[in-house]
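Visitor: Please take one part of this model and go through it closely. I would like to hear about the sheet and then the pocket.

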Amino acid sequence: MQIEKISGKRGSRSMIRLFEQHRVREQRELDGMWNYVREDGRQYTIPVPGCLEQHPDLITYRGKGTYYKKVFVRRKGNIRLEFKGVSHTADVYFDGKFLVHHYNAFTGFDGIVADVEPGEHEIRVCVDNSFSEASALHVPNDYYTYGGITRPVSMELLADVYIRKVHFTPIRAAEGWRGRIEAEIENLSRKDLALELKMTLADTQVTEAVQVGAESISRVSCEAACENVEEWNPRTPRLYFLNAELWEKEQIVDDYIERVGFREIGMNGGRLLLNGKPVFLKGFNRHEDYGTLGCAIPLPVMAQDMDLMQEAGANAVRTCHYPNDERFLDLCDERGMLVWEENHARGLSLKQMQNPNFEKQCEDCIAEMIAQHYNHPSIVIWGILNECVSEVPEGRKMYQKQYEQIKSLDTSRPTTSATCRHFTDICLDLPDIVSFNLYLGWYVNEPMKERFDQQLDWIAQAGGAGKPVIVSEFGAAAMYGYRDRGRCKWSEERQADVIRENLELFREDGRLTGVFVWQFADCRITEEIEYFGSRPRSHNNKGVVDEYRRPKEAFDVVKEIFPTMG
Ligand code: ADA
C-alpha cells in the first residue's frame, strides 16, 4: 500500500503543470498506482494519471468503479485535492465523507477538507464512464470516452487563507504593455483577516491590501505598466512568471505562481491580428488519444505531438472537441503554438441538445475551461458546439447563450464555432470568426473550387460578411501502411492527394485566415452509433499520423505546403 507523505519540505515539485506553481504552499502530486475496484468487485491496481482501458480486462469497460488510496498528512491543516481530469463523472470521498462531485472528463475540479489531523487518511474516487441521460456531452461519438483518473491529481496543505485564482490580462497600449491582474483570496477561518497581496511580474511589483471576511472570498484587481517586456508570438514565445504572495503582517501564508505572455489577439476585416499584425493559422485538429494509453497522454507523447506538428510547419492546433490537459497548453505557451480551445461538444442532435442536463453541463464546461485556462497566451480563440444544431431557432438560442457566457468571462479573445450546416446555418452573425468543416474530395465530390466559392459566398450573405473565416476541418482517411498504385480511397496516396488539393485551393484563394487539417492522429471511436460503426478498426482514420504517431504520406504533403501558406 503506497502512502503519500505531505513532506515538511516547502513546496514539492509537481508535474501537474510544466512549471512550479508553489514554493510556499505544500503540494504533492498523487501520481502512481492506485487501488481500483470495479462495481462487480474485481480488484486492480491502476496507474494515475491513466485510463482504465489500458488494462487488458478493461479495454471496453463502460461502467462504475472506485479508486482508493491512503495518504499520510504530517501536520494539521486544510487539505485541498485538485483533480485535473476524471473521465467522465467523479464522486470524491475523504475518510469516507463525501467531498465533491464533478461531471466532464476535460475540466479540472477541487475539494477542500478543513482541519485535517496529522496521520493516515483515505481518498476514494467513484468513477463512472457509462452513457446515460445523466451525461449530455459524453455520448457515443466519433472519439472515445475513456474511464479513469486520466489527468494528474495533487494534494496541497493550505493555510487558513489562500490564493484561489490569479488571472492576468495583457494590454497593448500606445505607451507600451500593461497588465491587469485579478485575484481571488479565500478565507477558510472564522475570523476577519487583513492581508497584503504582493505581486511580481518582470520588473513590476504591485502590493494590494486586501480584507477577507470570515469564511468568504475577496477579489483584488489592479493594473500596472509593465516596462521592458518582450511580446509573446510564435517565433519568440516569451513567457514571464507572475508570482503572487499572500502576507499576514510579517508572515507569508501562501503563494501562487502563474506563467503569462504579453500578446494581444484582435481582428481587422477578414484577418486575425496577433499584436497588431495579420496572422494566418495553419494547424491540426488534435484529439487527446494515443495507441493503448487512450486519452491519458503522457508528457513525452505530448512533446512528440508538438514536435511533429511543428515539423509539419503548423503554427496552430484546435483542441477538438473539448478543453485539453493543461500540460499540453503549457507546451503550446512554450513553443508559440496558437490554440483554438473549445468546450466539450461534438455533433449533437437537437434531441441531445434538449437533454435536461445539456445546457448546465455546457455552462459548467465553459466556466471551468475559461477559469482554469485563462492565463495561457497560446489560447487565441474560444470555440463552442462543434457541428451542433445551428440551423433552427431552438439551437440558435443555445449558441447565443454560450457565446454571451464566454464574453461575460473573457472579452480578450474572439469566439467561433465549427459549423457543418452548410447553406442553412442561422448563427453566423453570432461569433467573431466564422468557421466551417468541409470535406472536399472526401465526403463532398463536387468540383472543389466551385463548391468552395459557393461556401464563401453563402457565408458572406448569411452573417459572416467582413469576419475572419477559418476552414476548421478538411481532410480524408487512410489506413496507415496501405499503399495503392491506383490511389484508391483509404490508401495513403489518396489521402495525400485530397489534402494537397485542398491546401493548394486554400493557399491560392486568399480569403481565409486559417485552416486546420482533420486530423493530426488517428483516434479510437465508439461503435454504438451505426454511422461510425462502419469506420475500419473502430477508429477515425483521418490522421496524417496513426495512433502511434507513425506518419502517413499525407504528413509530408502538409510539411511541404504549410510553410508556403500565410
Ligand atoms: C466532423 C467532426 C469531426 C469528425 C469528422 C469526420 O467534421 O467535427 O469530429 O467526426 O467529421 O471524420 O467525419
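Guide: In this predicted model, strand 2 and strand 11 (residues 153-158) pair in the antiparallel sense over four bridges. One residue pair can be picked out: Gln27 has Glu156 in strand 11 as its bridge partner. In general, strands of a sheet pair through backbone hydrogen bonds, either parallel or antiparallel.

The pairing of strand 2 and strand 11 belongs to an open sheet of four strands, which run in the order 2-11-6-9 with antiparallel pairing. Strand 2 (26-29) and strand 9 are at the edges with a single partner strand each, so each has one side without a neighbour in the sheet. On average, neighbouring strands of this sheet are turned by 20° against each other, with direction ignored.

Now the pocket. The largest pocket holds about 560 Å³ of space. It is lined by 28 residues, and those closest to its centre are Arg80, Glu82, Arg164, Ala371 and Gln372. Two strands of the sheet, strand 6 (77-83) and strand 9 (109-116), are among the elements that give two or more residues to this lining. The other elements that do so are strand 12 (161-173), strand 18 (251-260) and helix 4 (358-373). Strand 12 supplies the largest share, six residues. Sorted by class, the lining of the largest pocket has 13 charged, eight nonpolar and seven polar residues.

Note on methods
Residues numbered from 1 in each chain as written. Predicted model: local features only at pLDDT ≥ 70, side-chain atom pairs only at ≥ 80, totals over all residues. Heavy atoms only, no water. 1 Å grid on protein atoms, 1.4 Å probe; cavity = no way out; pocket = protein on both sides within 12 Å on 5 of 7 lines; lining within 4 Å. Points joined across faces, edges and corners; volume = space filled by probe spheres on them. Nonpolar A, V, L, I, M, F, W, Y, C, P; charged D, E, K, R; others polar. Pairing = 2+ DSSP bridges. Axes fitted to C-alpha atoms, helices over the stretch in contact; angles between N-to-C directions.
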